[in-house]
Amino acid sequence: MEQTLKRIVLGVTGGVAAYKAAELARLLTKRRIDVQAVMTPAATHFVGAATFQAITGHPVFTDLWDDRIDNGMAHIDLTRSADAILVAPASADFLAKLVHGRADDLLSTLCLARDCPLLVAPAMNRQMWEHPATQRNIALLKDDGVTLLGPGTGEQACGETGFGRLLEPEELVEALESRFQPKLLWGLKVLITAGPTFEPIDAVRGITNSSSGKMGYAVARAAIEAGAEVTLVSGATCLAPPHDARFVPVTTAQQMQEAVEAAADTANIFISVAAVADYNVLNRSEMKIKKDAHILTLELAPNPDILAGVASREKPPFCVGFAAESENLEEYAELKRKRKHLPLIVANAVDEAIGTDAVELWLLDDAGRHILEKADKLTQARRLIAHIAKLYNERNA
Ligand code: C5P
């Protein structure tokens, strides 16, 4: 994680899900985020303050009148150096309190007397969540600039199923990380292609490749986190499209080219991650081809090079290519960069790149080679976005 988030006040309110906040505190602490736990009195009925104290290494505060803070100003002091307050779980009652700006316990007072972002992760019974009063409160909190994390859906402690579940601790950490990424691409339009293309042979068969789309989707997410307006043009994958992106699903290279050309006019940056099939089938059959004993010949015609087409425009967006190579990685990738007139190409080894979760990336630009040491694809995507933002700003300075 970019260490823009160094210290957090973790507010815990009264609900069964309070036990999950202990795991959340552990995950945050593991990521070197300093966690100050503040519990409502009701929360202490569900989980003990000693648990949070042991995990975070700090005394836990529950009381507005706590005299462990010298000047009696716990309601201000505890958030003074915090980068955010995260209330998880946030009960229906606590959300209602926030809406009205009430300050009758330490946590609600801290939420009122703060100058850092407030994030809430609701957790409650399905009917409480669906109640118009809660929904009204949620809308008002959003208007007040409070960030909502979740709730999720699923089986609840009461045995019912529906919305109202606290997001899992890992999901909360992920959401926090996203929220606090530096806004390096603020206000820019970023066009991204991802996944494989599929070139039909007949009504059911086709030529494709094993691209999972994971890298392209991670790049899309990192660009959104960095504040960009993202269009993601994607071949078929098993991945859920990222929230907050304009999503254009396509099948063939031809369709991908049309979608890219339409969006490229207004894009500031084009990142071409898709594994575009090199050929399409000329003698394609509309009907399913019947199997017989004869040799079947497919006529293949080269597909358009989408990236090269955009990069050779008179006023191209800042174009970034990807090159997966099985040998001579740097030499071949650099040749591609030159041939396609790209300021930046991302090279990786084929055996590492396709379908895997962790990769090493080599970024090749006019200044030479920059190695992004092996890491998961989202981490690499964030590093890549930081590099792109730097080059883009240098160009447009
Ligand atoms: O030439 P090669 O396919 O190895 O180049 C890879 C880069 O070019 C990738 O960024 C890929 O998305 C892009 N590309 C494209 N259209 C093609 C082939 C590749 O945009 N037909």
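**View 1. Polar contacts between the protein and the ligand.** In this predicted model, a polar backbone atom of Ala274 sits 2.7 Å from an oxygen atom of the ligand. Backbone also comes into play at Ile306, where an N or O atom lies 3.0 Å from a nitrogen atom of the ligand. Lys336 uses its side chain instead: one of its N or O atoms there is 2.3 Å from a ligand oxygen. On its own the ligand has 440 Å² of accessible area, and the protein covers 86% of that.

**View 2. The shell around the ligand.** Zoom out a little and you can pick out the residues around the ligand: Ser272, Ala274, Val276, Pro304, Asp305, Ile306, Leu307, Gly321, Phe322, Lys336 and Lys340. Sorted by class, that shell has six nonpolar, two polar and three charged residues.

**View 3. Helix, strand and pocket.** Two elements to look for here are α11 (306-311) and β16 (318-325), each of which supplies at least two residues of the shell around the ligand. Ile306, the residue with the backbone contact to a ligand nitrogen, falls at the start of α11 (306-311). As for the space that the ligand takes up, that's the second largest pocket.

**View 4. The two domains of the chain.** Stepping back to the whole protein chain, the domain assignment gives domain 1 (7-179) and domain 2 (189-395). Their centres, taken over C-alpha atoms, are 40 Å apart. Going by the numbering, the residues around the ligand, Ala274 and Lys336 among them, belong to the stretch assigned to domain 2 (189-395).

Technical notes:
Residues are numbered from 1 along each chain as its sequence is written. This is a predicted model: local features need pLDDT of at least 70, side-chain atom pairs count only at pLDDT 80 or more; totals for chains, interfaces and linings use all residues. Side-chain values use heavy atoms; hydrogens and water are left out. A residue is near a molecule or strand if one of its heavy atoms lies within 4 Å of it. A polar contact is a pair of N or O atoms within 3.5 Å; within protein, one must be able to donate a hydrogen and the other to accept it, and residues adjacent in sequence count only if both atoms are side-chain atoms. Accessible areas come from the Shrake-Rupley method with a 1.4 Å probe; for residues, only the protein chains shown count as cover. On a 1 Å grid over the protein atoms alone, a cavity is a set of points where a 1.4 Å probe fits but cannot get out, and a pocket is an open set with protein on both sides within 12 Å along at least five of seven lines; lining residues have an atom within 4 Å of a point. A molecule sits in a cavity or pocket if more than half of its atoms lie within 2 Å of its grid points. Helices (H or I, at least four residues) and strands (E, at least two) are DSSP runs, numbered from the N terminus. Ala, Val, Leu, Ile, Met, Phe, Trp, Tyr, Cys and Pro count as nonpolar, Asp, Glu, Lys and Arg as charged, and the others, Gly among them, as polar. Domain bounds come from an automatic or database domain assignment.
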